[in-house]
Amino acid sequence: MKKSLSWEGYSNGNRIEIIDLIKFAIQNSDGAIMNFNMFSDLALTLSIEIPANRISDLHQALSKRLTISIKNEEELKEKNSIKEKMIYLNVSFSKGTGNMKNEIPDVPG
């Protein structure tokens, strides 16, 4: 069973830009998004599978635009392990209103 980690992120930036940054950082760290949930425009949770030796790279990339809190600094120090780990990332957006609407265009037919 994969060992899991829990991270919390906070952003006061543009939600769409931050989501793109997160996706890019995960891809560049050889990670994969296994599951996601969006809670209106206030928060997003991601389940990320990533090699243990790339966790520090992901944290560093995300820290450039997000405030990231982790429970244990030791989880960033696994440099030689190629075992997969699961990271549960919760990101909160300060500019969210809670009233996000997904407009669906009318389609003829």
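How many bridges join β1 to β5, and in which sense do the two strands run? In this predicted model, β1 and β5 run parallel and are joined by eight bridges. One residue pair illustrates the register: serine 6 has tyrosine 88 in β5 as its bridge partner.

These two strands belong to an open sheet of five strands, arranged in the order β2-β3-β5-β1-β4 with mixed pairing. The edges are taken by β2 and β4, each of which has a single partner strand, so one side of each is left without a neighbour in the sheet. On average, and with direction ignored, neighbouring strands of this sheet are turned by 20° against each other. Strands of a sheet pair through backbone hydrogen bonds, either parallel or antiparallel.

The antiparallel sense is found at both edges. At one of them, strand β2 (residues 32–39) pairs with strand β3 (residues 43–51) over seven antiparallel bridges. Methionine 38 has leucine 44 in β3 as its bridge partner. The two strands form a hairpin with three residues between them, and serine 40 in the turn has a positive phi of about 55°.

At the other edge, strand β1 (residues 4–11) and β4 pair in the antiparallel sense over four bridges. Here tyrosine 10 has threonine 67 in β4 as its bridge partner. In a regular strand the side chains alternate between the two faces of the sheet. Strand β4 (residues 67–70) has Ile68 and Ile70 on a covered face, while Thr67 and Ser69 are on an uncovered one. Isoleucine 70, which lies in this strand, counts as buried because its relative accessibility is 17%, under the 20% cut-off. Its C-alpha atom is separated by 8.2 Å from that of leucine 5, although the two residues are 65 residues apart along the chain.

The remaining element to follow is helix α2 (residues 55–63), whose buried residues are Ile55, Ser56, Leu58, His59 and Leu62. These residues lie on the same side of α2 because they cover an arc of only 160° around the axis. An α-helix has 3.6 residues a turn, so residues three or four places apart point the same way. The cover over the buried residues of α2 includes β1, α1 (15–28), β3, β4 and β5 (84–93).

The relation of the helix to the sheet can be stated through the strands with which this account began. Eight bridges join the parallel strands β1 and β5. Helix α2 packs on the sheet, where it touches β1, β3, β4 and β5, and its direction makes about 10° with that of β1.

Note on methods:
Residues numbered from 1 in each chain as written. Predicted model: local features only at pLDDT ≥ 70, side-chain atom pairs only at ≥ 80, totals over all residues. Heavy atoms only, no water. Buried < 20%, exposed > 50% of the residue type's maximum accessible area, 1.4 Å probe, protein only. Pairing = 2+ DSSP bridges. Arc of directions from axis to C-beta. Contact = heavy atoms within 4.5 Å. Axes fitted to C-alpha atoms, helices over the stretch in contact; angles between N-to-C directions.
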